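The following exercises concern helix geometry, burial and salt bridges. Each task is followed by a worked solution.

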Amino acid sequence: MREVLAQAAFQLFLERGFERTTVDDIVARAGVGRRSFFRYFPSKEDVVFPDHERCLAEMTEFLAAVDDGDPVGAVCDAARIVLRMYAADPEFSVQRYRLTREVPGLRTYELSVVRRYEQTLAGHLRGRFGADGDGELRAEVIAASVVAAHNNGLRLWLRSGGAGDPEAAVDHALDLVRDVWERPAEPSPALEKQAERQAEKRAGNRAGNPVPAGGFTTGSGDNEVIVMVAAKGTPMWRVVQQIEAAVGES
């Protein structure tokens with residue numbers, strides 16, 4: 001019955017447009033009553049995405065059963081469940097993609113569905129990384145990366161009209177995610193230098209004896225240049241004071 005209602009709805013959407021099709025029109029085309037429609041779909045928007053609830057349940061079940069040894073690989077494999085759902089019926093998937101591009105309300109609804117997938121992946125990763133420190137952030141960022149990579153490959157296939165192998169583009173995109181997030185985390189050189197400067201500044205403040213700044217001039221006339229030399233951790237007010245003094249002397 002779910003499939004019958006979905007097929008009847010899409011026939012009408014293509015004939016009349018989404019906005020001009022009512023639930024009464026759909027049940028009349030399907031030959032059932034309104035009660036039957038609302039038993040399967042809470043709204044007209046839901047009939048455009050008849051398989052996402054089942055797919056989300058399958059993803060949740062899959063993640064609950066996977067080995068903990070490769071969490072990034074697990075969420076990438078979970079995303080492929082969504083891909084297989086789309087690939088199982090290319091004609092319907094392409095029609096839905098085109099329809100969601102034309103109807104802003106459906107696009108918004110689709111984004112809410114995608115967000116539920118992302119939250120499911122992030123929840124699994126939080127269970128592996130922990131919710132403290134960077135664990136929660138890492139989980140959210142990886143989940144968003146997986147969804148973005150999956151959707152990029154999937155939309156390439158949908159925009160082509162469902163031609164070719166949809167798994168090729170998605171696999172390539174997900175491999176990039178794994179290349180980035182399965183490497184051991186390396187500290188950023190810029191962050192290391194910033195940490196060093198902050199440590200030196202704190203050490204100078206604790207000692208209460210910051211190294212004074214000094215300046216000198218070179219050249220003459222319009223070509224005169226002021227060179228300022230200051231140790232790390234020198235307070236900015238002292239640097240400015242020395243610059244002003246050098247400018248006044250010149």
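**Exercise 1.** What distance does helix H1 reach from its first C-alpha to its last?

*Solution.* This is a predicted model, in which local features need pLDDT of at least 70, side-chain atom pairs count only at pLDDT 80 or more, and totals for chains, interfaces and linings use all residues. Residues are numbered from 1 along each chain as its sequence is written, and side-chain values use heavy atoms, with hydrogens and water left out.

Step 1. Helices are DSSP runs (H or I, at least four residues), numbered from the N terminus; H1 covers residues 2-16, 15 residues.

Step 2. The expected span is 1.5 Å times one less than the number of residues. H1 reaches 21 Å, close to the 21 Å expected.

Step 3. Just after H1, Gly 17 has a positive phi of about 95°.

**Exercise 2.** Identify the helices against which the buried residues of H1 pack.

*Solution.* Step 1. Buried means under 20% relative accessible area, exposed over 50%, and partly exposed in between (1.4 Å probe, protein chains only). Among the buried residues of H1 are Leu 5, Phe 10 and Phe 13.

Step 2. By contact (heavy atoms within 4.5 Å), the buried residues of H1 pack against H2 (23-30), H3 (34-40) and H6 (90-102).

**Exercise 3.** Explain what the salt bridge between Asp 24 and Arg 34 ties together.

*Solution.* Step 1. A salt bridge places a side-chain nitrogen of Lys or Arg within 4 Å of a carboxyl oxygen of Asp or Glu. In this pair, the closest N and O atoms are 2.7 Å apart.

Step 2. Asp 24 lies in H2 and Arg 34 in H3, so the pair ties together parts ten residues apart in sequence.

How values were computed. Helices (H or I, at least four residues) and strands (E, at least two) are DSSP runs, numbered from the N terminus.
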